[in-house]
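Reader: I've got a model open and I'd like to learn how to read it properly. Could you walk me through it?

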Amino acid sequence: LRSVRYVKSISKVVNMRVLCVVGIVLGISLVAFSYPFAEKLRAFTKEPVCGYELFAAKIFFFLIQHHDDVGWLKTVDQYYWGTKSNIQLAGVQFILDSVVRELIADPKKKFIYVETAFFWKWWTKQDDLVQKQVKLLVNEGRLEFIGGAWSMNDEAVAHYTSTIDQFSWGLRKLNDTFGKCARPRVGWQIDPFGHSREQASLFSQMGYDGFMFGRQDYQDKSHRLDTRQMEMIWQGSESIGTKGNIFTHALYNTYSAPSGFCFDILCGEAPLVDDEQSPEYNIHDKVRLFIPLRKRTKGNIFTHALYNTYSAPSGFCFDILCGEAPLVDDEQSPEYNIHDKIEEFIGYVKGQAQSYTTNNIIITMGGDFTYQDAAYYFKSLDKLIRYFSNSLVHRRLLHDDAFGVGEALNETENNLGLIVAKQLDTLTHTKADLAPIKEAVGIMQHHDAITGTEKQHVAYDYARIVFSAMNETNKATEDAIKKLLIKEDNGHADNIVFYSCLKLNMSECEISERAQKFVITLYNPLSHHVDFNVRVPVQGALKYTVQNGSGIEIPTQILPIHPAILNNPSRQYSTARVELVFKAARIPPFGLLSYFVTGTPTDVVYPPQPSDMDFIGSTKFGLKLNPNGSIRSVFTNGKESTFTQEFAYYIGASGDNRVFERRSSGAYIFRNNGSAIPVTVENSKLYNGALVSEIHQTFSVDWINAVIRVYKDTDYIDVQWIVGPIPIDDGNGKEVISRYTVDGLANRNVFYTDSNGREMLKRIKNYRPTWNYEVNEPVSGNYYPITSRISLKAESNLTVLVDRAEGGSSLQDGQIELMVRKDTIDGNGKEVISRYTVDGLANRNVFYTDSNGREMLKRIKNYRPTWNYEVNEPVSGNYYPITSRISLKAESNLTVLVDRAEGGSSLQDGQIELMVHRRLLHDDAFGVGEALNETENNLGLIVYGHHTVLVNRKSSHESLLQLEKFHAPWIFLSPANEFTWETWSHMVKTKYSGLTRSLPQNVHVLTLEAWKPGTVLLRLEHIMEKSNADDSSRPVQVDIQVRCNSLANSLAESVSH
């Protein structure tokens, strides 16, 4: 495949496939017919022979299978240990046990595994002998890893930074443990629900040779099968060109075995019978259907005892057919049960002993046709024997001793994000154990986790994993901040803490609400300075002042909390009814900046009062409002555009799921029943201030609410939406959307969506570029995953050609004037012009004129490029010679940034819609077996979120704002009732920067992470796309030593340790 990577001719690719075989990569279970070439090659070299070297000069044929979900119908631990068999018969530990045993027994067998999360959990529980055997299998190429990430990530809603992180963690585990022979060569994405261009680009950039996937649009698959286009060279990136290309193969039968050829114990297929004397003989017919095959042996074990017929005790049948919970002795697992099971077994043995006169008790452990997978049974029996030894049994029977196994739950404090934790750990070289948070992030990228297609109890377990891991990270992060900020001569470090508030999105924080004085410390994870508007809930009876790091008091504003947030039943511990707002200016790159907040009791409390205005913002950017408080228009650089924001909801389709036309809307698919039903603004209150102006809106349904904000010195709209609990008492599920519309923006059915938060892709309504798309779902068929942003663009222009040289200009936006005659009439000189005007064409004082009838030159009103132009003649001073033509060009656009992955589309010109919440009553019959009906406090969920809306801004500006929103500063709070600003600043530094100077804004430090001992992982990326029209997309050179002096010193110190 390496020789195929950049071949442009697909015919050459197909012809060359016989040399490297599509199936080289593939599955979780694999049986291969091999030649002795590998053994001969190994005999002449001391180096391990693995990867493609094993297949040189020979052709191999492979049979392949599926993978292991890191949570879906069962939790991660339930799948690994094999518990909850009533939900699904699946135990990953037994799969790996039996596979390794088979590989050791038969050198002709090969096996390929995918998810490092499960493998690592199994690997750490093996003894030295098994680990040595597995390493040998890896070096021989008989156990091969593909994919290799912590999980098989989703490709629609996973952000590319998280995808890179979870691949880095999984691949590092494999490399550190097994070396180069464990390096995966092929991306194996056979179960995610669709595939992204960015995923293909990432595989190519990470050095993979191929990309295999299973699921695709049924129309696309039908077309590719008919036209033999199941293999392709995927061009993963327009910006990096061939570096993003990768050979891609779409699997024929998704990831399933052919009908009649699934030989797993779970499949129910007839095994191959080659005994010609048996009436079950079928090998001849099977071979005619599928060649070649390997013979498969089967063995049945029947055990008979007197006390319990021939069955195992209730609760102790460990066969895969029994459905009993296996024994789990991992005290960190929520499935831990060994203590209770041993007690239960002791009770059973005592009960049986009462019926016999001898101490030799026969316990039956079997049943009809059990032990078809003996390893599954034996593993649990081994644990039972280990924890229940003969001597222990004897003591228990005679003395009735209690047997206890200590359980320890890790108590942790607060949670922190992975990016912040890795950076702070690197900057301070604390060598913290960040494995729990890395593994949690990896698990959450799994295609049944981040998508919400898991069962509800699994969703709860995912939340447990993330919360526990982030809490474990808190101590390391707090230690790092102390190391950076607390002065060496301070003897009170133990009294200073740095906490994170987990519920700031619902205006709840214990420290800011209860402490009269507290410190807010902001960490900026970006490599350039940023500004950030801080909002924290506070006591309404205090007057607050905020001092910056120099002790200077800065402007603040108090604003009320929206009633929909105040009335949330989950906000039961908060008493705050107002928020404190201030602007943190120029937070250093990789830096910390602190503010001291003091609340002073006052007899006179002035609660925020609503204003009576129809405009908020400034002349640079602002909103004009309707009488009910809804938005009427937006002003950008003096240009007014009619703009509306509204909420609506679809009724979810319901049916019996027997045919597609009666498929219900559910966890896997969105199907609407009719058009969206709009809701209207019923009431609003406007609060205008020096830092921010905001409109608190309530709607015609009480379960939808919003706050519209415009911060000072910004050019975007911040829309906070509060949706839920969605009512279902009418028997209908509902899917809520937010719509944004700019009148007159003619995008002509074209819109753009991001690919995993990185590059933008062009979308066309009711169209697919590679096949003739049949429109069956006019709404959901045009929905795409929005990980970071969705955009509309419309270009408009006006050009006038002249038949002779004339003077001309553009003195008003959207207008061209040309002088056509000069004459004297009535004794007065007259100069006649012809004007051409297009309303709404915002050329922003820029126009273009020809140079002697050839190339066009850019002109700007009242401007000269080589000197400061003094305007003395506002009309004639802007006239230029027009020999052939004069032109105006304008681009209108609408962009919405999201704070989480959402579905979105543009179904009408000038309009974007995004789905923000769903609550449904029917399962869609795609496997999860549950309706998407999540509840809290016996009600539907209440969801909070933000949209950032930009009108008529440059793409480069959107990209930078997207980066700053996604990597917003992390807020830490410290109680400070015993301090003043003076005493605090004497003990604690109020500012720290990891960089001497900011990097260019189009350069982003993607990864800063302490890696192996003596090494640091540093990744830089250019965030602008090649398609950007300005200079921001040009290549950039960065001198790390000069710009990153503080960081370089820290890295050097880290490496020296």
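Reader: Let's start with a strand pair. Which residue stands opposite F635 in strand 19?

Author: Some ground rules before that: this is a predicted model, where local features need pLDDT of at least 70, side-chain atom pairs count only at pLDDT 80 or more, and totals for chains, interfaces and linings use all residues. Residues are numbered from 1 along each chain as its sequence is written, and side-chain values use heavy atoms, with hydrogens and water left out. Now, the general idea: strands of a sheet pair through backbone hydrogen bonds, either parallel or antiparallel. Here, F635 faces E640 in strand 19.

Reader: What counts as a strand, and as a pair?

Author: Strands (E, at least two residues) and helices (H or I, at least four) are DSSP runs numbered from the N terminus, and two strands pair if DSSP finds at least two bridges between them. Strand 18 (residues 631–636) and strand 19 (residues 639–651) are antiparallel, with four bridges. They make a hairpin with two residues between them, and N637 in that turn has a positive phi of about 50°.

Reader: Which other strands does strand 19 pair with?

Author: Strand 25 (residues 734–742) pairs with strand 19 through nine bridges, antiparallel again; there, Y650 has E735 as its bridge partner. Strand 20 (residues 677–679) is joined to strand 19 by three bridges, also antiparallel, and A648 sits opposite P678.

Reader: How do I read a small sheet, say the one with order 10-14-13?

Author: Read the order across the sheet: this one is open, has three strands and pairs antiparallel. Strand 10 (530–538) and strand 13 (557–560) are the edges, each pairing on one side only. Neighbouring strands are turned by 30° against each other on average, direction ignored; the axes are lines fitted to C-alpha atoms, with angles running from 0 to 180 degrees between N-to-C directions. Eight bridges link strand 10 with strand 14 (residues 578–587), and F532 is across from A584 in strand 14.

Reader: And helices? Where is the kink in helix 16 centred?

Author: Check the length, then the bend. The expected span is 1.5 Å times one less than the number of residues. Helix 16 (residues 456–485) has 30 residues and covers 43 Å from first C-alpha to last, close to the expected 44 Å. Its kink, about 30°, is centred on N474; the bend is the angle between axes fitted to the seven residues ending there and the seven starting there.

Reader: Is H967 buried or exposed?

Author: Buried means under 20% relative accessible area, exposed over 50%, and partly exposed in between (1.4 Å probe, protein chains only). H967 counts as buried because its relative accessibility is 5%. This residue lies in the loop between helix 19 (955–966) and strand 42 (970–975). Setting aside residues up to four places away in sequence, H967 touches I419, P525, L526 and H1004, where contact means heavy atoms within 4.5 Å.

Reader: How does R183 read in those terms?

Author: R183 is partly exposed, as its relative accessible area is 40%. You'll find R183 in the loop between helix 7 (160–178) and strand 5 (186–189). Beyond residues up to four places away, R183 touches M206 and G207. R183 and C50 are 133 residues apart in sequence, yet 9.6 Å apart in space, C-alpha to C-alpha.

Reader: How many helices and strands are there in the protein chain?

Author: The chain has 22 helices and 45 strands, and 53% of its 1057 residues count as buried.
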